[in-house]
Amino acid sequence: MRMKPTIFSVSIAMLTVACSVAKKSTNVDNDIFMLAGTYTAKDSKGIYVYKMDTVTGNIKPVSFVETQDPSYLAISKNGKYVYSVSEKESKEASSVNTFSFDKEKGILTFLGSQPAGGGAPCHIVISPDGQKVFTANYMGGSLSSYQVQLDGILKYENTITYQGKGFDAERQTQPHIHFSSYSPDGKYVFVNDLGLDKIYKFKVEENHQLLAGEPASFEVKKGSGPRHLSFHPNQKWAYLITEISGDVDVFDYHHGNLSLKQSIKADSLGARGSADIHITPNGKFLYASNRLKGDGISIFFINQQDGKLTKIGYQPTGIHPRNFAISPNGKFLICANRDSDLIQVFAIDKEGLLHDTHQDVKLSMPVFIGFVE
């Protein structure tokens, strides 16, 4: 069924940008599109499109498209296509959806849907060349792959399903695939299994198929629950946020291999709900979000000689900061707070600390933030 986007009515007055964090800005060239994914259990309708002024951090609504539980999005490099999961717990109800994006008007148009191949798809990634898409299925304990066709629509290929139990009797009763990522050189795919405390490694073949790597997986600390992985811009270091233990693990990365060299606490309260991790474009600072107790974002300085972390601060946020994103220019951190129905805009200063700009966006159950460049 084709989904018709709804356009927000934007007054002429709103086109004048509000006060700047540092100075006033009236240049529309500063604007980029920002997309917000949501859970639709309450008032949200689906994916929301905004314009953000990258100088002031001011965000204004543009449009939305109706779709169920788009909890994670992947945006093509050229900005023409957006792929979203529909995160339903059962395999039968879950799907992966394709939208075209009008970069002039900021409008999403539904193009098609494919099965997720597993329950609760919670993450989606596009290959560097834009020809392949993978979804991580949390309840399915699986990874599904799709071919991107010429019109941008996905074609389901196959699903890799894992078996077993982990160390934590409450949280690791089965595999929980939570994330997948290409290596910086595009030669490998890494897959995080929160349920079995493993990072699976695949070698990418010339035909885009995945071949089990050597080794096939990397073990992390038992009961830690690996969630998301982020590579440093210099491509030499990788950083893992563990949901259950609340650590950031620091790895040396070399030719497809991960070598652990540091583990540092992001969650000092033992809340067992750490979530997202991102690095500033200049590679100087790392941020990790924590939920369930003392909700907020841990702030780390990255040593430019060896990649090791030093914790330099903690920024309280709204309730349940499941996901956040750093603006492409590195000036702002945008945080989606699911349980307080709020998107917050934080300015990043020269020392890496965060400052609330009080330019909040009200939205029911926001859980993803992404930018169209």
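Biologist: In which loop does Asp306 lie?
Modeller: This is a predicted model. Two strands flank the residue, β23 (296-302) and β24 (309-316). Asp306 lies in the loop between β23 and β24.

Biologist: Is Asp306 buried, exposed or partly exposed?
Modeller: Its relative accessible area is 29%. Buried means under 20%, and exposed means over 50%. The value lies in between, so Asp306 is partly exposed.

Biologist: Which residues does Asp306 touch, not counting those up to four places away in sequence?
Modeller: One partner is Lys261, 45 residues apart from Asp306 in sequence. Their C-alpha atoms are 9.6 Å apart in space. Contact is judged on heavy atoms, within 4.5 Å. By that test Asp306 touches Trp237 and Lys261.

Biologist: How many aromatic pairs does a search of the whole structure find, and what is the pair of Phe190 and Phe218?
Modeller: The search finds twelve aromatic pairs. For Phe190 and Phe218, the ring centres are 6.4 Å apart and the planes stand at 40°. Under 30 degrees would count as stacked and over 60 as edge-to-face. The angle fits neither, so this pair is tilted.

Biologist: How many residues apart in sequence are the parts that Phe190 and Phe218 tie together?
Modeller: Phe190 lies in strand β14 (residues 188-193). Phe218 lies in strand β16 (residues 210-219). The pair therefore ties together parts that are 28 residues apart in sequence.

Biologist: Are Phe190 and Phe218 buried or exposed?
Modeller: The relative accessible area of Phe190 is 0%. For Phe218 the relative accessibility is 11%. The cut-off for buried is under 20%. So Phe190 and Phe218 count as buried.

Biologist: Which residues form one aromatic cluster with Phe190 and Phe218?
Modeller: The Phe190 and Phe218 rings belong to one aromatic cluster. Its other members are Phe231 and Tyr253.

Biologist: Which strands each supply at least two residues of the lining of the largest cavity?
Modeller: The structure holds one cavity of 30 Å³ or more. The volume of the largest cavity is about 50 Å³. Its lining includes Arg227, His228, Arg322 and Asn323. The strands asked for are β17 (226-231) and β25 (321-326).

Biologist: How do the residues of that lining divide into nonpolar, polar and charged?
Modeller: Tyr72, Cys122, His178 and Val367 are also in the lining. The residues divide into three nonpolar, three polar and two charged.

Biologist: Over which residues does pLDDT stay under 50?
Modeller: The mean pLDDT of the protein chain is 93, and 92% of its residues reach 70 or more. One stretch stays under 50, with 47 contacts beyond four places in sequence in the model. That stretch is residues 1-26.

Terms used. Residues numbered from 1 in each chain as written. Predicted model: local features only at pLDDT ≥ 70, side-chain atom pairs only at ≥ 80, totals over all residues. Heavy atoms only, no water. 1 Å grid on protein atoms, 1.4 Å probe; cavity = no way out; pocket = protein on both sides within 12 Å on 5 of 7 lines; lining within 4 Å. Points joined across faces, edges and corners; volume = space filled by probe spheres on them. Helix = DSSP H or I, 4+ residues; strand = E, 2+ residues; numbered from the N terminus. Nonpolar A, V, L, I, M, F, W, Y, C, P; charged D, E, K, R; others polar. Phe/Tyr/Trp six-rings, centres within 6.5 Å; stacked < 30°, edge-to-face > 60°. Buried < 20%, exposed > 50% of the residue type's maximum accessible area, 1.4 Å probe, protein only. pLDDT = per-residue confidence, 0-100.
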